Amino acid sequence: MTAEADREGAASSGPVSAVSAVVPAVDAHPQTQPVAWRHRHLLDVDALTRAELELVMGTTDAMREVLARPIPKVPALRGTNVTILFYEASTRTRVSFEVAAKNLSCDVVNIAAASSSVSKGESLVDTVRTIEALGADMLVMRHPASGAPYLAAEVFGGSVLNGGDGWHAHPSQALLDLYTLRSRLPGGSLEGRKVVILGDALHSRVARSNIWTLTAMGADLWLCGPSTLLRGFEAWAAHGAAGRRFTVTSDVDAAIRDADVVMALRIQKERMASGLLPSLREYAARYGLTTERLRAASPDVVVMHPGPMNEGVEIAADVAVDPRSVITAQVTNGVAVRMALLYLLAGARHDGGNA
Amino acid sequence: MSDVAADQVLRGWAVDPAAGREGAAEVTLRDGLVDRVAWLSGEAADGLGPDGSLILPGLVDLHAHFREPGNEDAETVASGQAAAAHGGFTTVAVMPNTSPAIDEPGVVARVRAAAAASGSPVRVLVHAAVTVGRGGETLAPLGELADAGVAGFSDDGAPVHAAALLRNALAYAGALGLPIIDHPEDPSLTKGAEASEGYVASVLGLKGWPVAGEAGAVARAIAILADVVADVPGARLHLTHVSTAASLAHVRAAKAAGLPVTCDVTPHHIAFTDEWIAGSRRWAWEALDDAGAARDPWTDGALVAPPFDTSLRVNPPLRTPPDAAACVAALADGTADAIATDHAPHTEVDKHVEFGWAINGISGIETALPIVLAAVDAGLVPLARAVEALTTGPARILGERQRLVPGLREGEPADLVVVDRGATWTVTPGSLRSKGKNSPLLGRELHGVVLLTLAGGRVAYTAG
């Protein structure tokens, strides 16, 4: 049985093979598993190999199996203290991590920056040292500054899991997007599939992380939006990390034509104030993902959005609930992927793995 | 007080740009003076080559930050002088972005007093602010400051933003015989910027600082200078820490047109690039492919350090490998008149934070010479030209009023540095004399060890 076929089985709620090399039995602590995960932290996805991505996918399959149980909980990480430190407002990602950690029997502490000493001006370094002194083994953090999790990882003795940093990276989102896509695309493969990321790439950590993971899996990635929101990506595409397919364009028709996947990104109102866009109305008219525009895509196109959505701006309300939309599945898979990541990092930590 | 240089005979490869000469030499010191400079040839020169001990005029830095008054936990005049001496510099012009700003003669006197009190023979020149409080609104008392002996005027850290004010400052300072040292930046293009706009900033999700943010300001300043100089022939514009090919093209054209414009480049913009922020540590010239384009550090194994090291946060930002190459080329062809360190020491409190929240600046006066020598080693700039850009080049910009005449001249107080070019040292917090340990070179072994720095006939630094 191949890894992909096995993953397909899990995604369709079928039985999970207990003997597959990439699907560990996750009821026990990861230290007892023959997993080949070498990263102590998950700060970015730029360095993940295809084999490592496959391992995350396989582990997520096993976690989906756990989630399908009457009591979706395993003792694998019992006694592991997970602190969730969010410096930005978030509901779905924070709750998703919390549910994931609890499903693995972790003890969870939630810190919202506004309610802690952070709002009194404590530095990130001091905050992280305090969290460690309070017994945290793993730190899930979201921060408005790109690269902040690297600073945390420099001083934290346990594992740091990046829950989104500035415009830079959102590893768990990219991995759940990858998982969701593989469960929806025929054959479960991204190889040669035309994937369009549409919208405000400039300010999007989701776009950046998806560029790495989707191109690593062989997708033909297109980034599309108003040229003001694509600055810098032309240079990225021109460098084109070896062997990756990556196109940047402002031509929405060219981008969507025959697309297998279209992911719309959130447009924020602040973008008009900084002169990047004339108006939301103009954006919706020129780049909004509508049923009309989707007609040019593949008939089986998969529609995604990392949320939260501005319906009627970057995505039409009917498209958001179209059967071709997997936006709700993205949320569900988010819990399974985050369980997999916590599990893998806990295993690597005990192996003394590196970042 | 520092000791008068001992009577001794220095033997090595001397470079004296003022005399237009380099070669094996024997420099005899007596009573703190250069008693004799003997250029050697034949057997006498055996073993004395450009790869061994170098004897150079004391280096001149026209742009450094010594943080006093106001930020003495980052640097003091005394610790800055010690760092300068360790780096081979015997003359340093400090920038006025202190607290309070150096915008009136009282603060100038205070800096001078600190320099005298330290006992260090390293000469500290003072740049004064162009505008009151560096606020960009009202001209500082430029005449009084000129009378107090300042070397130039600069609002460094920020540009003189209003074109009208820059125009008036160039005219007013020009009549006083002093340069305006402009930090070229258009803030409307650089607000909140974290890294040079392009590939690396895009991948790392850092807000881009576009080339136009500097080149546009350079072009504007040159256009204003051209206008002013017609009426005020003494007007002089110096553009500091120029970092892009586009800016240098404007400077090159202005010089060709005969305008009184000069510029400097920094060691870090010559040798470091934006890819260092992603974790690369190769020299800029090692990051170019055969066609002169930037290689991809994500695919060629160049990323060896964790990304987002805040010691790399600097303004203007580290640029692409081709821009760094343009800076070296400008140094080699004379478009860049000087190398300025922009030594910017900072505390751990201001640097050990998130990348985008870290204060700008690199502590660089002690690593400047080794970096420049690495570019010389790479064949990018001749040794004599590099030394010129570290001595007579900046001295000319600082002006004759400062009576700066770097050189190895008989009968004059010894003002020189001896460098063992073949020896190495490792940059560590302990090896840096500066209070600012914010160097991206921490842990790195550099070629070029300063053995002796003499300033005004006295010992500023001696190894061991």
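Visitor: How many residues does each chain bring to the contact between chain A and chain B?

Guide: A good habit is to count each side separately. In this predicted model, chain A contributes 25 residues and chain B contributes 22 residues.

Visitor: Which elements of chain A should I look at on that side?

Guide: Look for elements that supply two or more residues: here they are helix H4 (124–133), helix H5 (148–155), helix H7 (205–216) and helix H8 (233–239) of chain A. H8(A) gives the most, with four residues. By class, the chain A side that touches chain B holds 13 nonpolar, eight polar and four charged residues.

Visitor: Now inside chain A, how do helix H2 and helix H6 pack?

Guide: Read the angle together with the axis distance. Helix H2 (residues 50–67) and helix H6 (residues 171–184) of chain A meet at about 70 degrees, and their axes are 10 Å apart. Angles of 65 to 115 degrees count as roughly perpendicular, so H2(A) is roughly perpendicular to H6(A).

Visitor: Which residues make that contact?

Guide: From H2(A) come Leu53(A), Val56(A), Met57(A) and Thr60(A), and from H6(A) come Leu175(A), Leu178(A), Tyr179(A) and Arg182(A). Sorted by class, this contact has six nonpolar, one polar and one charged residues.

Visitor: And where are the domains of chain A?

Guide: Check whether a domain is written as one segment or several. Domain 1 covers 3–170 + 332–350, and domain 2 covers 187–326. Their contact takes 16 residues from domain 1 and 13 residues from domain 2 of chain A. On the domain 1 side, H1(A) gives the most, with three residues. That side has five nonpolar, four polar and seven charged residues.

Methods. Residues numbered from 1 in each chain as written. Chains lettered and ligands numbered in written order. Predicted model: local features only at pLDDT ≥ 70, side-chain atom pairs only at ≥ 80, totals over all residues. Contact = placed C-beta atoms within 7 Å. Nonpolar A, V, L, I, M, F, W, Y, C, P; charged D, E, K, R; others polar. Axes fitted to C-alpha atoms, helices over the stretch in contact; angles between N-to-C directions. Parallel < 35°, antiparallel > 145°, perpendicular 65-115°, else oblique. Domains from an automatic or database assignment.
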